[in-house]
Amino acid sequence: MGVHSSPPDPGSGVVKDGMGRRRFLGYVLAGSTLTVAAQLGEAVLDPAKAAAVVPSVPGPSEIYDLNDMLTHAALPTANLISIRIDPDGTASLALPRAEVGQGITTSSAMLIAEELDLPLDRVRVTLADARPELLFNQLTGGSNTTISTFTPIRVAAAVARGRLLQAAALELGEAIGTLTAKAGLITSAASGRSLGYGELAVKAAGVATSQVSVVLKEPSEFTVIGTGRGRIDALDAVTGRKTFAMDLRVPDALPTMVCRPPTINGTVRSVENLAEVRAMPGITDAVPVSTGVAVRGRTFGQCIDAVRALKVVWGPGTAEGASDATVRQKLRRAELPLVVPPLPLLTKAVDARFTFHFASSGALETNCAIADVRAGSAEIWASLKSPIVAQEQIALRLGLPPTAVKVHVTQGGGSFGRKLFHDAAAEAAEISRAMGKPVKLMWHRTDDFRQGRTHPMSTSRVRATYTLGEVLTYEQRHTSVATDFGHGLGEIITSQAARLPVGDLTFSETVFQLTQQSPYHFGATTQLLSETDKGFNTGSMRNIYSPNVRCAQELVVDELAERMGKDAYAFRRRHLKDERARAVLDKVAEVGRWGRAMPAGTAQGIAVHPEYHAFVAVLAEIDCRPQTTGRKVPNAYTGPRVTKVVCAVDTGLAVNPRGLEAQMMGGIMDGIAITLTSGLHLEDGHFLESSWDNYFYTRQWNTPPELEIVVMPPTTGRPGGAGELAVAGAMAAVACAYGRATGTMPTTFPINHAEPLGFEPLPTTPPIPASPTDGLDLAR
């Protein structure tokens, strides 16, 4: 397994495309020690366009995408994100985003270290509590954190540096021009005297808030940004000292779990043995709540015993009797029509329909939260990517003003979109109020798979017409079980709007149009969304619509190339709109040795994906011959195995190339999983999968033994989105490789979904204990 970054190219145009010597405004805030903030961020640039024989009109997301919207929405409150210099010489930032393993605390620390000329290990980044005054500026999603905070954090750090230099000049009695700041020290060139940032922090503090002007470093001056750095939380993570929600010691908060219905969103009609369960060893409380029956005990093991012992009469849920087949029928009926028919004797067409089954976001940390609800107040601890919505909606549910509800954002053990919703936090608050005691709520792994939020089942209908070697039209009609966007843009107004009878569809359509784009000049191009069936708990799993939409398109691209007698790589290269897309495609073809001779039953696949001002290309090799894991274990997967992946990524400017490589690796594993093995089977209103031993995410033994990530040289002076980028590219490349290896275009995903289950589904009642393989042997 190898990763590498291509060295920066002095002639790459980084400075030209960067910010240059523009001035930015910031603030020195009144305080006892130096505290500073930014005023404004910067706008993003439109991607470059390239000509083709039959050009396509730019789609909405090529002009203004979801990331642009999130960035611009965050600008008005950028001045509320502040950096503090403490007397010990450290710089502290309370980041208004959620760290769930993606490494944003490290990249944010790097921005501060760069502009402040401070060693990285002297920068402290924590997670901010819910701050309603931030409005749209406390949402973690859409690969937007680094993009939207890139300039504000740097401006604040530059303001701090300038203020420290002024204080040092006064202290030393020398001109600022004779002073240099480096490694947390300000040194006089004339006298050689040095003062530490800590010594100057109080002297540099503002008596009143004042506005100042700063100039940021040029990209050519960077010594931290663009260099590969280890995560600042890595040691805590590997030594077990990193603190997650369930690690917190909140007084009197005892383990709590919920007995949940056998079908999706079922309701409690009655409990036959509540008194008996309350008398079980260690159990302090057992109460019915809106989602089931909650039990609180001295240990989680005692809670599991109590949950299993409960005898509950359940009412129907919101998906009673539903199965994969019935949902597919609804999707077919809701498909929007294709409008361009092939014209006999003039044009030919590729027609295809693809089905993508429900999938779990599969974070290793299950849903969990701590809540302490008292008369007139509440306090919540949880990993939340939209904490303002959580605070405001929990306050509404409890009948309290938002100011009476404190929401603390904790480190999260994975999310992949799941933690955009505050289901566990709201449930914990409801249980705490019902019991009158603090609770430490943890969802059972089975609850997460069967009652948690899923990536919705969908279909994609595609038609591409062509003649004389040219693609004339490309139509894609994506139909999906409704995606819940009830988190809105991170505050309650858009959150409530997304839940209105028509608002939810409007929100979905907006997100679809602001994220989906075709990288190819395929003449008249349309990509439209239709949604149906709101009876499921869904969410924006990593990359939202993109993996399914891109997978369908790239498979059709392969088919077009084959019918026209063209090489799949050359065909893509000729039709790509953007030079950056062409560059990453060329790189994976070169590094992956595209077109090399391979044995029968094996093949290469290649794909390109643009998103959020970034580009990725993936080359995958697959072996579809009968496999064996060499292990004598139940349910061992013996299907197609990805043996090699090469990924080239261009995010404009990679703040931390090492972190970017890790993001690409994780996205590739996700893409392999949802292509080949990871899906949920719906039967009679519930999902059959219940834990990691039967939800076949990419395992360590099934990870490609050859994996190479190439980070392209900087192409702009600003970062693009990276957190979700590789998922769609990897899914499409693996699917294309499978089609080439088997000679048949795959149309149902995951590919193994229609095969025999390969496991015995656990019963829906009574609830079951954790699987002995829960959380083991995972590549993620």
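Let's walk through a sheet, a helix and some aromatic pairs in this structure. Keep in mind that you're looking at a predicted model.

Start with the sheet. It's an open one built from 7 strands, and if you step across it you meet them in the order 13-14-11-21-18-19-20, with mixed pairing. At the edges sit strand 13 (283–289) and strand 20 (405–409), each of which pairs on one side only. As you go from one strand to the next, the twist averages 20 degrees.

Now zoom in on one edge. Strand 13 and strand 14 (residues 292–297) run antiparallel, and 6 bridges join them. To find one of these links, look for Ile283: its bridge partner in strand 14 is Gly297.

Two helices pack on this sheet. Helix 9 (residues 300–309) touches strand 11 (254–259), strand 13, strand 14 and strand 21 (439–442), and its direction makes about 25 degrees with that of strand 11. Helix 11 (residues 387–398) touches strand 18 (368–374), strand 19 (377–382) and strand 20; here the angle, taken with strand 20, is about 150 degrees.

Next, move along to helix 18, which covers residues 579–591. Its 13 residues reach 18 Å from the first C-alpha to the last, close to the 18 Å expected. At the N-terminal end, Asp578 acts as a cap, with a side-chain oxygen 2.7 Å from the backbone nitrogen of Arg580. After the helix comes Arg593, which has a positive phi, near 55 degrees.

Which residues of helix 18 are buried? They are Arg580, Ala581, Arg582, Val584, Leu585, Val588 and Ala589. What do they pack against? Their neighbours are helix 17 (568–575), strand 26 (602–611), strand 27 (614–623) and strand 28 (641–650).

Finally, look at the aromatic rings, where the count comes to 14 pairs. Take Phe356 and Phe749: their ring centres are 5.3 Å apart and their planes are at 10 degrees, so this pair is stacked. Phe356 belongs to strand 16 (residues 348–356) and Phe749 to strand 32 (residues 748–749), so the pair ties together parts that are 393 residues apart in sequence. Both of these residues are buried.

Phe358 and Phe536 make a tilted pair, at 4.9 Å centre to centre with 40 degrees between the planes. Phe358 is in the loop between strand 16 and strand 17 (359–360), while Phe536 is in the loop between strand 25 (524–532) and helix 16 (546–563), so this pair ties together parts 178 residues apart in sequence. Phe358 and Phe536 are both buried, too. To finish, find the aromatic cluster formed by Phe449, Trp692, Tyr695 and Tyr697.

How values were computed: Residues numbered from 1 in each chain as written. Predicted model: local features only at pLDDT ≥ 70, side-chain atom pairs only at ≥ 80, totals over all residues. Heavy atoms only, no water. Helix = DSSP H or I, 4+ residues; strand = E, 2+ residues; numbered from the N terminus. Expected span 1.5 Å × (residues − 1). Buried < 20%, exposed > 50% of the residue type's maximum accessible area, 1.4 Å probe, protein only. Contact = heavy atoms within 4.5 Å. Polar contact = N/O pair within 3.5 Å; in protein donor to acceptor, adjacent residues only side chain to side chain. Pairing = 2+ DSSP bridges. Axes fitted to C-alpha atoms, helices over the stretch in contact; angles between N-to-C directions. Phe/Tyr/Trp six-rings, centres within 6.5 Å; stacked < 30°, edge-to-face > 60°.
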